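Colleague: I should like to learn how to read the features of a protein model. May we go through the one shown here?

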Amino acid sequence: MKRLLLVTMAFAALAILFASLAASEPPGGKDGKDGKGDERASAGDKDKDPKNEAKIDPKADKYLKAMSNYLAGLKTYSFQVEEFFDEVQDDGQKIQFNNERQLSVSRPNKVFGENVGDTADSLFYYDGKTAIVYDRKQKTYATEKVPDTIDAMLDDLHDRFDTHQTLADFLFADPYKVLTENVESATHVGLSQVSKVKCHHLAFQQRRLDWQIWIDAGDKPLPRKFLITFKREADEPQYIALFRHWDENPKLTDDLFVFKAPEGVRKVDFLNRHAEPPPVKKGSGK
């Protein structure tokens, strides 16, 4: 299983799920094809040297496992995310953008996502057989045959199209395994509040990034906030996601996951779905 990368930073932040293409690196793992290498390779080297063993706070491990087990046990669920992410300009100034996302999941093989905001206006459909991205702004859609489980679908899209995303980690059958794949240290910072909800604040370090997560301290250990610092990128841009409106037993119909192309939209190739449309040829006037 692969740890998929995050957004947008160009997703623009978080993409396939919510249907936009991602560009930065995530918590569990695999680097993009940019010469940086594969995080999993360094993790393998780490196993050979006892001095480099991960330093994991047992409390951080406990609460992350509790959250992961809780999510894994949900048959259907939906939530909304407000995300903020930095884009570093050529002169070093950070410009912050934001999107709002809504996601509905029916295990083991259905996903629907909507993404609107500064960098996207799109929908994503997965019905167990086909993944579809519909770009409302460009009035285009792309389809691709994919495997019949959410885990396999996400890995397949990553492998074939180099699609990276981060919040996808929260959809896998075993979120704990994916999130901790390349962790070098973990700390339980303490109790904190996110939107008046008391949470366990956990901090993790990896070779190329640091990430933090705030998990509800009540009887439902849901993620409430997620933050990534890309410490190997120039000026260390950040990605922040605020989770809201969790529904752990939504009434989801099969129609939600089925795409019906609106009139006037154009079908495009999945790999080149972000390319500009070809220019319209003018008539000869004859």
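Modeller: The protein has 4 helices and 13 strands. These elements are DSSP runs numbered from the N terminus, helices being H or I with at least four residues and strands E with at least two. The model is predicted, so local features need pLDDT of at least 70 and side-chain atom pairs count only at pLDDT 80 or more, while totals for chains, interfaces and linings use all residues. Residues are numbered from 1 along each chain as its sequence is written, and side-chain values use heavy atoms, without hydrogens and water.

Colleague: How many residues does helix α3 have, and what span does it reach?

Modeller: An α-helix has 3.6 residues a turn, so residues three or four places apart point the same way. Helix α3 covers residues 150-161, which is 12 residues, and reaches 16 Å from first to last C-alpha, close to the expected 16 Å. The expected span is 1.5 Å times one less than the number of residues. Just after α3, Asp 162 has a positive phi of about 55°.

Colleague: How many residues of α3 are buried, and what covers them?

Modeller: Buried means under 20% relative accessible area, exposed over 50%, and partly exposed in between, with a 1.4 Å probe and protein chains only. In α3, 9 of the 12 residues are buried, among them Ile 150, Met 153, Leu 157 and Phe 161. Their cover includes β3 (94-106), β4 (110-117), β5 (121-126), β6 (130-135) and β7 (140-145).

Colleague: Is Lys 145, in strand β7, buried or exposed?

Modeller: Lys 145 is exposed, because its relative accessible area is 63%. Contact means heavy atoms within 4.5 Å; leaving aside residues up to four places away in sequence, Lys 145 touches Lys 129, Thr 130, Asp 156 and Arg 160. Its side chain also makes a polar contact with the side chain of Thr 130 (3.5 Å). A polar contact is a pair of N or O atoms within 3.5 Å; within protein, one must be able to donate a hydrogen and the other to accept it, and residues adjacent in sequence count only if both atoms are side-chain atoms.

Colleague: Why does His 201 count as buried?

Modeller: His 201, in strand β9 (residues 197-205), counts as buried because its relative accessibility is 12%. The His 201 side chain makes a polar contact with that of Gln 212 (2.7 Å).
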